[in-house]
Amino acid sequence: MSLLLRACTATSALGVGLHATWQALLAQRSGLKRCDFETVTLDTWIGAVPGVDAVAMPDDLQDWDCRNNRLALLALRQDGFEDAVRAERARHGPQRVGVFLGTSTSGMLQTELAYRARAADGALPGWFHYAQTQNTYSVAAFVRRYFDLQGPAYVVSTACSSSAKVFAHAQRYLQAGLIDAAIVGGVDSLCLTTLYGFHALQLLAPQPCTPWGAQRQGISIGEAAAYALLTRADASTPGGSVLLLGAGESSDAHHMSAPHPQGLGAQHAMQAALQAAGLRAGDIDYINLHGTATPSNDAAEDLAVQAVFGANPPPVSSTKGHTGHTLGAAGAVEAVICALALQHQLAPGGCHTTAVDPALRTPYLQHNRPLPLRRVLSNSFGFGGSNSCLILGLSA
């Protein structure tokens, strides 16, 4: 069953909303900057969203006030997304709109700030509300409360595949007739635990990340929030609308943090997405790679793409050089970028990669390329071998 992206929006280091995002992609302008977040002193680059700290939480949602939920709110208010959700709520009722979001660290920063403010006896400050901020479910609870919805709502937290997997979850709910519309997406904000954790894994690059690059050294961490409003596509769907054609998932459980060397789980996710969409490999016009710029991830994904698409894969690129790796929000951010690519008929070239690794054989785009795009594929792979693949296309 194909689903209509009735509305979508994305906010990242590229800027707030779709216009800023697309203008940065057109200019191949990166949002990465040297790390200056909180007390972090690491030699790395980050993708921070401008203006998050200035977002004012509504009076009736003060208990939810934290950087992650402010970022969630900032993105919700862009591109007419809020109005589109309220229209679906009015059309179907609050019980028939679901909320399925992905996150990795939720409001971890709020807990870090609370621990700095502990009393002499170790007690946490009274302003710290774990259930509404740090709790992984908090961002879905916040969005559900903000729109006064009563349908099913939960968070998927499977590391970097989180907000791609929610598209598949929503598709199953809609196919089963349990809901009539779904808010899907992901929100992940910067925190010290993430930055120092990836540093401990020796995965942070000292320069802006270079996906597919010959001298790639690791990732640049970013933050972002992105959403899509999904409904069933039918005969009344206008031509040229962006559709979710298929979603594929797999779990290879190869290692806690390292990818399967041959990308076996990634292969299975791509094959499952093609099967769900009723497509062959040759029907895909562009692939938005997971493309983190770590040596092992890019090499494994390259092998996986070759295994699925053969000797003549479509053009590929990673947009993490633009946004940074936004972790639990990456799948949703890159799905929205794929929707923009379809709408504008342009495959975005990557940022910062000046020399492609000759050992990687898929045709990596270093520059934007106008293409007749009908169907595009987006990969998202997480720690622990959690893999997800989305296929988006244009309606006839």
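Here is a short chat about the nonpolar core of this predicted model and two helices that pack in it.

Q: Hi! How many residues are in the largest nonpolar core?
A: It has 48 residues, and those with the most contacts inside it are Leu5, Phe167, Val184, Leu230 and Leu392.

Q: And which helix gives the most to this core?
A: That's helix H11, residues 330-344, with 10 residues.

Q: What about another core, apart from that one?
A: There is one of 35 residues, including Ala75, Leu76, Ala181 and Ala225.

Q: Let's pick Leu230. Where does it sit?
A: Leu230 is in strand S9, which covers residues 224-232.

Q: Is Leu230 buried or exposed?
A: Buried: its relative accessible area is 0%, and buried means under 20%.

Q: What does Leu230 touch?
A: Not counting residues up to four places away in sequence, its contacts include Leu3, Leu4, Leu5, Phe167 and Val184. Leu230 and Ala7 are 223 residues apart in sequence, yet 7.6 Å apart in space, C-alpha to C-alpha.

Q: New topic: at what angle do H6 and H11 pack?
A: About 70°, with their axes 4 Å apart. Angles of 65 to 115 degrees count as roughly perpendicular, so that is how H6 and H11 lie to each other.

Q: Which residues make the contact?
A: Ser163, Ala164 and Phe167 come from H6, while Ala330, Gly331, Ala332 and Ala335 come from H11.

Q: How many of those are nonpolar, polar or charged?
A: By class, the contact has 5 nonpolar, 2 polar and no charged residues.

Conventions. Residues numbered from 1 in each chain as written. Predicted model: local features only at pLDDT ≥ 70, side-chain atom pairs only at ≥ 80, totals over all residues. Heavy atoms only, no water. Core = buried A, V, L, I, M, F, W, Y, C linked by side-chain atoms within 4.5 Å. Buried < 20%, exposed > 50% of the residue type's maximum accessible area, 1.4 Å probe, protein only. Contact = heavy atoms within 4.5 Å. Axes fitted to C-alpha atoms, helices over the stretch in contact; angles between N-to-C directions. Parallel < 35°, antiparallel > 145°, perpendicular 65-115°, else oblique. Nonpolar A, V, L, I, M, F, W, Y, C, P; charged D, E, K, R; others polar.
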